[in-house]
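Student: Please take a close look at one part for me: the places where charged side chains meet. Then set that part against the rest of the chain.

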Amino acid sequence: MKRCKAAISRRGVPSGGALVAALVVVQVAWLLCQTVDAGMVKSTKELCFECHRDSAAYMKKAVVHKPLKLGLCTSCHSPHASRHSGLLSDSGGELCYNCHDRERGFSEEFVHDPVERGECLACHDAHAAGARGLLKQAGGKVCFPCHPKKELMGRKNVHPEVRKGNCSACHEPHSSKREGLLAAERGEICGRCHPAKGERITRVHGGYNVSGTDCSGCHSPHSSDSPAMLKATLHKPFEDGACTECHLRGSNKVTGSGTALCTKCHDETMAGFNRINSHLMTRGVYNPCSECHNPHASDQRHLLKGREDRVCYSCHKDTKSFVAGSDHSHPKLALCSDCHTAHGSNNRFFLSGGPIETCAAVGCHPTQGAFTHPVGVETIDPRSKTPMDCVTCHNPMGSPEEFILRFEKDRELCVQCHEV
């Protein structure tokens with residue numbers, strides 16, 4: 001059909017009396033095209049099922065993919081030959097997007113990893129399933145293989161919707177405008193079931209009006225060992241109920257401005273920022289500390305707002321994109337602060353030490369430099385005239401090559417320095 005549309009459009013638009021004749025020609029051509037296209041994909045069910053007898057079982061399942069139901073096997077498969085496994089006519093998600101519009105729910109700012117990789121079959125069955133949406137399993141059961149049940153429900157108190165496996169109550173399955181694939185803004189998603197207005201809700205929050213606030217700032221949305229689903233680690237003033245340490249009494253407004261609000265207690269932290277490379281930046285926010293840390297509670301170390309890599313990627317979007325497009329990446333890439341210092345560093349890239357010392361630290365690569373290619377001040381990279389280190393050959397953020405090498409390992413990497 002697309003080919004016919006293109007062919008018709010290339011004819012152009014004549015003027016005058018020729019216009020009527022041209023329109024007749026175009027209409028006839030259009031009808032012929034429709035006839036031809038309709039004949040290109042037709043039911044081949046009986047013919048295909050003669051050999052693929054197991055396929056008949058699909059028709060007995062509760063939900064059958066519409067093309068299969070209509071017997072249109074050739075809408076996805078090439079009957080004679082294909083460069084794709086299963087004789088598919090296209091690869092991965094590209095095949096699915098031939099019918100399912102990519103712009104409708106699959107391409108918001110935050111995209112579910114399997115969708116990003118075009119792995120639709122990670123969650124869906126291509127032919128038939130017992131669950132709606134052709135899901136391989138109903139509800140949360142299809143989520144748990146990647147999002148372990150133990151992590152989500154492993155604590156004493158479990159959110160009822162999580163226990164029911166009703167993940168889609170809060171999350172979009174394909175893509176979302178919001179981090180965490182949330183189905184609504186953080187300030188309103190909880191209010192759908194838990195209205196945040198009223199005397200009782202204000203009383204239990206120490207007299208503070210919490211309507212419209214992000215409940216997940218203090219409460220764990222999946223499970224918690226603490227009463228009221230509070231997060232595991234509480235900021236000391238919050239834990240002691242000393243809200244006026246930071247807030248005006250009965251108000252959400254704070255008692256100090258900028259970093260001064262935090263450094264009046266954490267003044268030792270400033271030493272970490274006073275380095276050649278410093279993370280102390282405002283980006284126009286009131287208190288830059290709150291860019292990374294939650295002032296009330298957290299399930300992460302250092303009261304981080306969320307999982308460490310997600311906090312970092314919220315600013316380092318280029319790194320996130322690069323890692324996502326790499327075939328190989330460092331196995332501990334999500335633990336950013338294992339290699340980088342969060343506040344400031346006198347080393348490049350905020351590394352906790354020099355490139356060699358950082359890699360050899362904390363027992364990750366203790367033999368680095370002892371049996372590998374020589375590195376250090378006595379081994380000079382002939383290209384840059386600088387001492388060689390680990391990142392001369394490896395890119396810790398990601399690479400298309402094994403061992404996160406910068407070039408192909410058998411020859412291309414070596415000839416960068418060793419002429420042949």
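Tutor: Start with a term. Accessible area here is computed by the Shrake-Rupley method with a 1.4 Å probe, and for a residue only the protein chains shown count as cover. Keep in mind that this is a predicted model.

By that method, the chain exposes about 28100 Å². Carbon and sulfur atoms supply 57% of that area. Of the 420 residues, 23% count as buried. The chain has 17 helices and 12 strands. Take its contacts between residues at least 6 apart in sequence: 50% of them join residues at least 24 apart.

Now to your charged side chains. How many salt bridges does a search of the whole structure find? It finds 10. We will look at some of them.

Begin with Lys 164 and Glu 161. Their side chains meet in a salt bridge, with N to O at 2.9 Å. Are these two partners buried or exposed? Lys 164 has 59% relative accessibility, so it counts as exposed, because the cut-off for exposed is over 50%. Glu 161 has 18%, so it counts as buried, because buried means under 20%. One salt bridge therefore joins an exposed residue to a buried one.

Next, Glu 185 and Arg 178. This salt bridge has an N to O distance of 3.2 Å. Glu 185 has a relative accessible area of 43%, so it is partly exposed.

The third example is Glu 308 with Arg 301. Their side chains meet at 3.0 Å, again N to O. Glu 308 is buried, at 9% relative accessible area. Arg 301 is partly exposed, at 39%. This pair also has a partner. Arg 301, Glu 308 and Asp 338 are linked in a network of salt bridges.

Stay in this stretch of the sequence and step back to Ser 298. Where does Ser 298 lie? It is in strand E9, which covers residues 297-298. At 1% relative accessibility, Ser 298 counts as buried. Its side chain reaches the backbone nitrogen of Gln 300 at 2.8 Å. Leave aside neighbours within four places in sequence, and Ser 298 still has contacts. It touches Lys 231, Ala 232 and Thr 233, and also Leu 303 and Leu 304.

Those contacts with Lys 231, Ala 232 and Thr 233 lead us to Met 229. Met 229 lies in the loop between strand E6 (223-224) and strand E7 (233-234). Its phi is near 60°, a positive value in a residue other than glycine. Met 229 counts as buried, at 16% relative accessibility.

Phe 403 also has a positive phi, near 55°, and it too is a residue other than glycine. Look for Phe 403 in the segment after helix H17 (390-393). With a relative accessible area of 57%, Phe 403 is exposed. Asn 395 lies in the segment after H17 as well, but Asn 395 counts as buried at 16%. Which residues does Asn 395 touch, not counting those up to four places away in sequence? They are Phe 322, Ile 404 and Arg 406. Asn 395 and Arg 406 are 11 residues apart along the chain, and their C-alpha atoms are separated by 6.0 Å.

Now set the charges against nonpolar side chains. In soluble globular proteins, nonpolar side chains tend to be buried together. Here the largest nonpolar core has five residues: Phe 144, Leu 152, Met 153, Val 158 and Val 162. Phe 144 touches Leu 152 and Met 153, and Lys 149 too, not counting residues up to four places away in sequence.

Last come the rings. A pair of aromatic rings is described by the distance of the centres and the angle of the planes. The count comes to one aromatic pair. It joins Tyr 97 and Phe 106: the ring centres are 5.7 Å apart and the planes sit at 75°, so the pair is edge-to-face. Tyr 97 counts as buried, at 15% relative accessibility.

Back to your request. Charged partners here can be exposed, like Lys 164, partly exposed, like Arg 301, or buried, like Glu 308.

Notes. Residues are numbered from 1 along each chain as its sequence is written. This is a predicted model: local features need pLDDT of at least 70, side-chain atom pairs count only at pLDDT 80 or more; totals for chains, interfaces and linings use all residues. Side-chain values use heavy atoms; hydrogens and water are left out. A salt bridge is a side-chain nitrogen of Lys or Arg within 4 Å of a carboxyl oxygen of Asp or Glu. Buried means under 20% relative accessible area, exposed over 50%, partly exposed in between (1.4 Å probe, protein chains only). A nonpolar core is a set of buried Ala, Val, Leu, Ile, Met, Phe, Trp, Tyr and Cys residues joined through side-chain atoms within 4.5 Å. Contact means heavy atoms within 4.5 Å. Helices (H or I, at least four residues) and strands (E, at least two) are DSSP runs, numbered from the N terminus. A polar contact is a pair of N or O atoms within 3.5 Å; within protein, one must be able to donate a hydrogen and the other to accept it, and residues adjacent in sequence count only if both atoms are side-chain atoms. Rings of Phe, Tyr and Trp (its six-membered ring) pair if their centres lie within 6.5 Å; planes under 30 degrees apart count as stacked, over 60 as edge-to-face and the rest as tilted.
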